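Visitor: Hi, I'm new to this one and would like a walk through it. Could you show it to me before we start?

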Amino acid sequence: MDFAQKCNKIRQMILKTIGNLGVGHIGGSLSIVELLVVLYDKYMNVNPKDPNMVGRDRLIVSKGHSGPAVYSILCSKGYFPEDWLLTLNKPGTNLPSHCDMNKTPGVDMTTGSLGQGFSCAMGVAKASKIKNDGATIYTIIGDGESQEGQIWEAAMFASQQKLDNVIAFTDYNKMQLDGPIEEICNITPLDDKWRAFGWNVIVVKDGNNCEEIDAAITLAKFSEKPSMIILNTIKGKGISFAEKAGAGNHSMQITPEMMAQGLAELRGEA
Amino acid sequence: MEMRQVLAAELEKLMAQNENIVLIDADLSKPNGLAGLKSKFLERAMDIGISEQNMACIAAGMSSYGMIPFISTFTPFATRRICDQIAVSCAYAKQNVKIIGTDPGISAEFNGGTHMSMEDIGVLRSIPEIVVFEPVDNNQLKKALPQIVDYYGVVYIRAFRKETPDVFDESCDFDLFKALKIKDGEDLSIFCSGLMVHETLLADKELKSQGINAEIINIHTIKPIDRTAIIESAKKTGVVLTVENHNIIGGLKSAVCEVLMEEFPVPLRAIGINDKFGQVGKMPYLKEQYNMRAEDIVNKALEVLNLKCK
Ligand SMILES: Cc1ncc(C[n+]2csc(CCOP(=O)(O)OP(=O)(O)O)c2C)c(N)n1
Ligand SMILES: [Mg+2]
């Protein structure tokens, strides 16, 4: 399977996971599919048979509401059986809306209160430096999440501590819960901000293109500073009803009909 | 009607009457039902993005200028996330900030553990001078809001977002600082709050059928608590049950115990979250998980009745 086929498969898993429940954070899950596929296919030094392997690379998804995307990629890598995906938010599930390190094998930090996961990632990166285990710490934040002051506290910490083992991503989908970022609290120029905070900044024009993401990560590996890769993405990417819903796709109801139509579209049958 | 619709309609009225009132959201104006106010009050209703600590202090600054800011987000972000900002800039600085937190306790449902605040009342109740209010239904919220505007100081409104069964009707008398007796009784006193009032009334039907006449009092304002109402009722019945949608440490149970241990100690039991974190699930499932159903209330009532000094 090439990148594109894998992304398609992950999108189907996300849609089934949320569609089976009938509601969920689909927009911010779909926008990071390409990133997750590239990370887990090519970069992450992890072992699904030993999720807590010492010295492994880590991924901290600070925008913790993207759980369904994280669960889909972890499942595809064999961290847990596929039928778990049908338990999202069901009684006793290991797959709650927001990422939980004590419930889901492969999840490296409990997140959901925006801003916190990013600071946690810097703590993980500092610890890895102290242990000198050579791990790379990946972390994903939202563009709306970037409005939290805590993000910028962590940013200063990382450059002060020279955390060149951090490769961070902003899912720059231009949308937050209530609407477009620029109408609520504009964060531009985002690249200049990160540069001013002492980070190596790489802007990816199409953040839903695996090859572009791949090239950016390769480049970031050479950096002597912590890297922020800004991914220009589309919230709800790849499923037409989700893309069309705009800000409404943050958390949306998904009927069985919508799920069927979306799956047909992804399989090229629509 | 959903409670958030009532919240929006009442705030709209109050903002029209009083041009000092401002509304600040932090990217949850849609879930909290308040998004529509932005177009009605271009200057005075604003969504500042995901920055709750900032929001609390912006509100304190506006208050120092004579305004009456309402800030709104989910309960965990309205309390524990911004605790120091509320303590210092709002409360200690004696500002007139009103805090709306929605989705208390188990009502956060699918948002799960990270969003389920079991401790918010405890957090804010331990900061001096903050009024902590938890409406039972739409009518109570409607009657409370004008009183909250008239009162100078920090007030926390722990509101539900969705449809709630009506407990009170429009004619019901309501004083923000007086507990509300729902039903006279002599066998035991049940002090209850928020969502759990309706559940208590369901339990009461069963108790009645077993010949037990409970006195039911709604403690909508947990701080400052109506000491007189609690002491009088405990003196009359001699045994107490508290029922809340919150950790039984720090919330209603604690507040009632603080009064009774000093003034009139009686046997007491509590329904609420027994020092546990939240989890994902629908309310009926969560009520079962945390033993908060009507039948659990009945069983606890029977248990505490057994302890009554004969
Ligand atoms: C501290 C905090 N405040 C508010 C929320 C509620 N919330 C969850 S997601 C979200 C919007 C996030 O927007 P963004 O970071 O852009 O994520 P994405 O567009 O990728 O979904 C909000 C406000 C939260 N989870 N945590
Ligand atoms: Mg976004």
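Guide: What follows is a short conversation about how the parts of this structure meet, and please keep in mind throughout that this is a predicted model.

Visitor: Okay, how many residues of chain A are in contact with chain B?
Guide: On the chain A side there are 28 residues in contact, and they meet 21 residues of chain B.

Visitor: And what area is buried between chain A and chain B?
Guide: The area buried between the two chains is about 1900 Å², with carbon and sulfur atoms giving 51% of that. Of the area that chain A buries against chain B, 31% is supplied by A:Glu148, A:Leu177 and A:Asp178, which is more than any other three residues supply.

Visitor: How many salt bridges are counted between chain A and chain B?
Guide: The count is 1 salt bridge, and A:Glu148 forms it with B:Arg81, where the closest N and O atoms are 3.4 Å apart. Sorted by class, the side of chain A that touches chain B has 9 nonpolar, 16 polar and 3 charged residues.

Visitor: What about polar contacts there?
Guide: Between chain A and chain B, 15 residue pairs are counted in polar contact.

Visitor: Switching topic, which residues are the protein donors of the magnesium ion?
Guide: For the magnesium ion, ligand 2, the protein donors are A:Asp143 through OD, A:Asn173 through OD1 and A:Met175 through O, and they lie 2.0 to 2.1 Å from the ion. Their spacing along the sequence reads D-x29-N-x1-M.

Visitor: Is A:Asn173 buried or exposed?
Guide: A:Asn173 counts as buried because its relative accessibility is 7%, which falls under the 20% limit. A:Met175, in turn, counts as partly exposed, because its relative accessibility is 22%.

Visitor: Where does ligand 1 lie?
Guide: Ligand 1 lies between chains A and B, surrounded by 25 residues, of which the closest are A:Lys63, A:His65, A:Gly112, A:Asp143 and B:Glu52.

Visitor: Which atoms of A:Met175 lie 2.9 Å from ligand 1?
Guide: In A:Met175 a backbone N or O atom lies 2.9 Å from an oxygen atom of ligand 1, and this residue is also one of the donors of the magnesium ion.

Visitor: And the lysines?
Guide: In the side chain of A:Lys63, an N or O atom is 2.7 Å from an oxygen atom of ligand 1, while for A:Lys235 a polar side-chain atom lies 2.7 Å from an oxygen atom of ligand 1.

Conventions. Residues are numbered from 1 along each chain as its sequence is written. Chains are lettered from A and ligands numbered from 1 in the order in which they are written. This is a predicted model: local features need pLDDT of at least 70, side-chain atom pairs count only at pLDDT 80 or more; totals for chains, interfaces and linings use all residues. Side-chain values use heavy atoms; hydrogens and water are left out. Contact means heavy atoms within 4.5 Å. Buried area is the accessible area (1.4 Å probe) that two parts lose on being put together, summed over both. A salt bridge is a side-chain nitrogen of Lys or Arg within 4 Å of a carboxyl oxygen of Asp or Glu. A polar contact is a pair of N or O atoms within 3.5 Å; within protein, one must be able to donate a hydrogen and the other to accept it, and residues adjacent in sequence count only if both atoms are side-chain atoms. Ala, Val, Leu, Ile, Met, Phe, Trp, Tyr, Cys and Pro count as nonpolar, Asp, Glu, Lys and Arg as charged, and the others, Gly among them, as polar. Donors are N, O and S atoms within 2.8 Å of the metal (3.2 Å for Na, K and Ca); water is not among the atoms, so sites may look incomplete. Buried means under 20% relative accessible area, exposed over 50%, partly exposed in between (1.4 Å probe, protein chains only). A residue is near a molecule or strand if one of its heavy atoms lies within 4 Å of it.
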